[in-house]
Amino acid sequence: MAEQLNLGDIFDIPERVYQGDLVLKLTDGVAHPEATLAQYVVTDQLAESFRLALDLIQSALETNRSKAAFLHGSFGSGKSHFMAVLSLLLSGNTAARRIPRLAPVVNHHASWLQERRVLVLPYHMIGVTSMESAILGGYAEWARRHHPDKPAPALRPQPAGDRQRAPA
């Protein structure tokens, strides 16, 4: 008679799980790519989502136009993990680009991924007072951290009257 296996014999299952234990903070996911990629499982749906995201980014780069998208899902559904892996792909992380289930997507986008340098600025929007302060402040903080010997970027918000408005 074969010996019976329990899930605990195959997987490391914690005895207790607390809020936040299974959540990846985007900035941590990018800062620790080995751990992020070791935990990531790419499904067919995720591969398609990466294709759509990279198609959008490629289109924005080729047309020199800003484009936006949003990522939605319930708490713990993997939004930050997805964004961390996408950030690693855009940053040229070779381990992320070698994920077998993403190979067709990466190969399709290989030409521009190899020739373009994409500045990825991962940060959280929780608690920010405005989109402008979060985005421009995030960029300024990144520049200070990665290029302390360079002058701070000259950032100034556009006057309200100069902003383009969407047609009604």
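## Close-up views of the predicted model

**View 1. Arg145 in helix H9 counts as exposed, at 54% relative accessibility.** Here buried stands for under 20% relative accessible area, exposed for over 50% and partly exposed for what lies in between, using a 1.4 Å probe and protein chains only. The model is predicted, so local features need pLDDT of at least 70 and side-chain atom pairs count only at pLDDT 80 or more, whereas totals for chains, interfaces and linings use all residues. Residues are numbered from 1 along each chain as its sequence is written, and side-chain values use heavy atoms, with hydrogens and water left out.

Helix H9 covers residues 131-146, and its 16 residues reach 22 Å from the first C-alpha to the last, close to the 22 Å expected at 1.5 Å a residue; the expected span is 1.5 Å times one less than the number of residues. Helices are DSSP runs (H or I, at least four residues) and strands are likewise DSSP runs (E, at least two), numbered from the N terminus. Arg145 forms a salt bridge with Glu141, with the closest N and O atoms 3.5 Å apart, a salt bridge being a side-chain nitrogen of Lys or Arg within 4 Å of a carboxyl oxygen of Asp or Glu. Glu141 also meets Arg144 in a salt bridge, at 3.5 Å from N to O. Both Arg144, at 45% relative accessible area, and Glu141, at 34%, are partly exposed. Buried residues of H9 include Ala134, Gly138, Ala140 and Ala143.

**View 2. Glu48, Arg51 and Asp55 are linked in a network of salt bridges.** Within this network, the closest N and O atoms of Arg51 and Glu48 are 2.5 Å apart. These two residues of helix H4 are 3 residues apart, and thus separated by about one helical turn. Arg51 is partly exposed with a relative accessible area of 29%, and Glu48 is partly exposed with 36%. The count for the structure comes to 5 salt bridges.

**View 3. Tyr40 and Phe50 form an edge-to-face aromatic pair, 6.2 Å centre to centre with 80 degrees between the planes.** Rings of Phe, Tyr and Trp (its six-membered ring) pair if their centres lie within 6.5 Å, and planes under 30 degrees apart count as stacked, over 60 as edge-to-face and the rest as tilted. Because Tyr40 lies in the loop between helix H3 (33-39) and H4, while Phe50 lies in helix H4, the pair ties together parts that are 10 residues apart in sequence. Tyr40 and Phe50 are both buried, and ring pairs link them with Phe82 into a cluster.

**View 4. The largest nonpolar core has 21 residues, and those with the most contacts inside it are Phe50, Leu54, Val85, Leu86, Leu89, Leu90 and Leu102.** Such a core is a set of buried Ala, Val, Leu, Ile, Met, Phe, Trp, Tyr and Cys residues joined through side-chain atoms within 4.5 Å. At least two core residues come from each of helices H4 (44-63), H5 (79-90), H7 (103-108) and H8 (110-115), and H5 gives the most, with 6 residues. Leu102 touches Val42, Ala47, Phe50, Val85, Leu89 and Ala96, leaving aside residues up to four places away in sequence; contact means heavy atoms within 4.5 Å.

**View 5. Helix H5 is largely enclosed by the rest of the structure, since 9 of its 12 residues are buried.** Among the buried residues of H5 are His81, Phe82, Ala84 and Ser87. The end C-alpha atoms of H5 are 16 Å apart, which agrees with the 16 Å that its 12 residues should span at 1.5 Å a residue. H5 is followed by Gly92, whose phi is positive, near 85 degrees.
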